[in-house]
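Please read the following explanation alongside the sequence and the coordinates. It proceeds from a helix to the charged pairs and then to a loop.

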Amino acid sequence: NTQKLKLLHYFVSPTRLSVHNIPIKCSDKQLREIFERVVAGPSSATNKWSPIRECRIMRDLTRVNSEGVAKSKGYGFVEFKSHDMALKALRATNNNPDLFQSSPKTRLIVQFSIEDMRALKKKRERFEKANAKKFNTNNTAKPKSKRKFVTKK
C-alpha cells in the first residue's frame with residue numbers, strides 16, 4: 001500500500017472503507033446492517049435514511065452454489081456519505097469481536113480504501129453514459145416520418 005501511495009494516481013479515499021476477514025456466509029445485506037447499526041445506532045432499523053452509499057462483498061463468480069450465489073472472497077467495501085461517518089464506523093468495527101454472534105472469534109479488519117483515480121474516472125464515465133442513454137430513451141418522442149404521402153387523382 002505504501003508503494004501504491006507513492007504513485008500520483010493513487011489516493012486514500014476519505015469515505016470508502018475496505019473490510020477484510022468477512023465470514024463466508026455473510027451477505028451484503030448483513031454487512032450493511034452491521035455498519036448502519038454502528039453508525040446510526042439501534043434506531044437505524046426503523047429509520048429509512050441510510051448513511052451508507054454502497055456496500056458490497058467481493059465474490060468469486062466462477063464458484064456458484066446451488067442457490068445461484070457466488071462464493072465470498074472474504075473482503076468487501078463500504079462507502080459512506082461523509083468522512084465523519086466512515087471514521088466512526090472504522091473505529092467501532094475494526095478488530096471488534098462482538099459484531100458476529102455466529103462466529104465470535106471473527107474480527108473484521110477495516111481500513112480506508114486506496115483508490116485509483118483512473119479506475120474512478122472510467123466508472124464515472126460508464127455511469128454518465130448509462131444515464132444519458134436512459135434519459136434519451138425515456139424522454140424522446142418518436143421522429144415523424146419524412147415520407148410524404150401522394151394522393152392519386
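In this predicted model, helix 2 comprises 13 residues, from 28 to 40. At 1.5 Å a residue, a helix of this number of residues should span 18 Å, and the end C-alpha atoms of helix 2 are indeed 18 Å apart, so the expected and computed spans agree. The buried residues of helix 2 are Leu31, Ile34, Phe35, Glu36, Val38 and Val39. An α-helix has 3.6 residues a turn, so residues three or four places apart point the same way. The elements that cover the buried residues of helix 2 include strand 1, strand 2, strand 3, helix 3 and strand 4. After helix 2 comes Gly41, which has a positive phi, near 95 degrees.

The charged side chains may be considered next. The structure contains 6 salt bridges. In one of them, the side chains of Arg16 and Glu115 meet with an N to O distance of 3.1 Å. This pair links distant parts of the chain, since Arg16 belongs to strand 1 (residues 10-20) and Glu115 to strand 4, 99 residues apart. Are these two partners buried or exposed? Arg16 has a relative accessible area of 17% and is therefore buried; Glu115, at 7% relative accessibility, also counts as buried.

A further salt bridge joins Glu79 and Arg53, whose closest N and O atoms are 3.6 Å apart. Here too distant parts of the chain are linked: Glu79 lies in strand 3 (residues 70-80) and Arg53 in strand 2 (residues 52-64), with their positions 26 residues apart in sequence. Glu79 counts as buried because its relative accessibility is 18%, under the 20% limit for a buried residue.

The side chains of Asp116 and Arg118 also meet in a salt bridge, at 3.2 Å from N to O. Asp116 is buried, with a relative accessible area of 17%, whereas Arg118, at 46% relative accessibility, counts as partly exposed. In addition, Glu54, Arg56 and Lys123 are joined into one network by salt bridges that share partners.

Finally, attention turns to a loop. Asn96 is located between helix 3 (83-93) and strand 4 (109-116), in the loop that connects them. A polar atom of the Asn96 side chain lies 3.0 Å from the backbone nitrogen of Asp98. Leaving aside residues up to four places away in sequence, Asn96 touches Thr106 and Arg107.

Terms used: Residues numbered from 1 in each chain as written. Predicted model: local features only at pLDDT ≥ 70, side-chain atom pairs only at ≥ 80, totals over all residues. Heavy atoms only, no water. Helix = DSSP H or I, 4+ residues; strand = E, 2+ residues; numbered from the N terminus. Polar contact = N/O pair within 3.5 Å; in protein donor to acceptor, adjacent residues only side chain to side chain. Contact = heavy atoms within 4.5 Å. Salt bridge = Lys/Arg side-chain N within 4 Å of Asp/Glu carboxyl O. Buried < 20%, exposed > 50% of the residue type's maximum accessible area, 1.4 Å probe, protein only. Expected span 1.5 Å × (residues − 1).
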